[in-house]
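Student: I should like to learn how to read the parts of a protein model and the surface between them. May we look at one together?

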Amino acid sequence: MNHAPAAAATAATTPLIRAEVAGLPRYDPGADPDEVAALSGARRVIKLSNNESPFGVSPAAAEAAGRSLADGLSRYPDPTGRRLAEAVGRSLDVPAGRVVLGNGSENILQLLCQAVLDPGDLVVTQAPGFSLHETFPRVMGARVEKVPVTAGFGFDADAWRAALAAGPKLVFLANPCNPTGAVLDAGQLEVVVAATPRSALLVLDEAYGEFARTDPGYPDGLEALRGLDRPWIVLRTFSKAYGLAGIRVGYGIASDTALIQALDRVRTPYHVNRPAQEAAIAALGDHRHLAETVRRTGLEIARVTGRLRAAGLGVVPSSTNFLFIDTGRRSAGVARELHRAGVIVKAWQEPGYENYIRASLSTPGDNDVFVRCLTEICAKGKP
Ligand SMILES: *Cc1c(COP(=O)(O)O)cnc(C)c1O
């Protein structure tokens, strides 16, 4: 085969790419399950790298998606997602006109950046944090200031106040936080809300909110922001506790319809596919499946946290479906050893956290395999 034309094309393409884009890191989805299967020889890979639900989806959601596939493949979906927006609105007591849908909630993160940010604008978010809270602003040429947690993974009120005093246009706050799994309490959330300038958009990312809601110290962001006369949006998703990561649907509830209308101008018109809309409507109505997923996840989080700590590993208290674990050495090497055993976790790469892995929990049996492999690997590394 002759590869010369491709090389010439690359030389011509490179100067076309915007500098902001060329300098971006690529999103790290974690190791590829097929490669780990080949490497480990494991019959079944245990994938703990993407915070997916091991408890599946509501049977009603699966059925609704299947029905939609059977009769709707040749038709565009409803571009307004009206029935889903109304169902979300009803369930949360907000008008459907203040609900935005997304092809996953990360799609909404991107739309917010496209609608709001000019080059040079400041965005404030947390560290360690969710990579897209930094990547999407940088695509727009914005500057990103990351507020670190305290040494004990706590909320640093003074650091937040100082960062917010610099006049951001957009604030991305995840509660619970990914990757630590920690939550801000009502008072800490209030510090951020009070210190965020009224000229800024406050984005509260509650991708893991359903798991945390059983924690009495966890403030419902929508209830905290609902009455405020300032721009805000709360983002939630069907990917995590509802288990619908594969179908890509999330939503946001905004302070006002003007923000929703701006996002409508930016987005692609048919951005949430038909089976996704149908599955999400059904999932919203299945309270039992959600409650059961949250209950079983909580039991495993408590059990695995206890076992890892008993083995001498540092584990951040988590109100989510994943754990942030101090392996005591460079976690990239630990992750590679886990891959050889057929277990995929995410080795954290942010400066200061290179000894940590983030591992989503799975079924009790899979979690036992993970705990055994990880504790063996970490014990071996000790003198
Ligand atoms: C998983 C996740 C999301 C979004 O996931 P979608 O599948 O796009 O809905 C958003 N924010 C955080 C912090 C997440 O961990």
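**Two domains and their interface**

Tutor: The protein chain is divided into domain 1 (26–51 + 288–380) and domain 2 (59–286), with bounds that come from an automatic or database domain assignment. This is a predicted model, in which local features need pLDDT of at least 70 and side-chain atom pairs count only at pLDDT 80 or more, while totals for chains, interfaces and linings use all residues. Residues are numbered from 1 along each chain as its sequence is written, and side-chain values use heavy atoms, with hydrogens and water left out.

Student: How is the size of an interface expressed?

Tutor: It is often given as the accessible area lost when the parts come together. Domain 1 and domain 2 bury about 2,000 Å² between them, 62% of it on carbon and sulfur atoms; this area is found with a 1.4 Å probe and summed over both parts. L290, V294 and S319 supply 26% of the area that domain 1 buries against domain 2, more than any other three residues.

Student: How many salt bridges are there between domain 1 and domain 2?

Tutor: A salt bridge is a side-chain nitrogen of Lys or Arg within 4 Å of a carboxyl oxygen of Asp or Glu. The count between the two domains is one.

Student: Where does the largest nonpolar core lie?

Tutor: Such a core joins buried (under 20% relative accessible area, 1.4 Å probe, protein chains only) Ala, Val, Leu, Ile, Met, Phe, Trp, Tyr and Cys residues through side-chain atoms within 4.5 Å. The largest has 52 residues. Domain 1 and domain 2 both give residues to this core, so it lies between them.

Conventions. Buried < 20%, exposed > 50% of the residue type's maximum accessible area, 1.4 Å probe, protein only. Buried area = accessible area lost by both parts, 1.4 Å probe.
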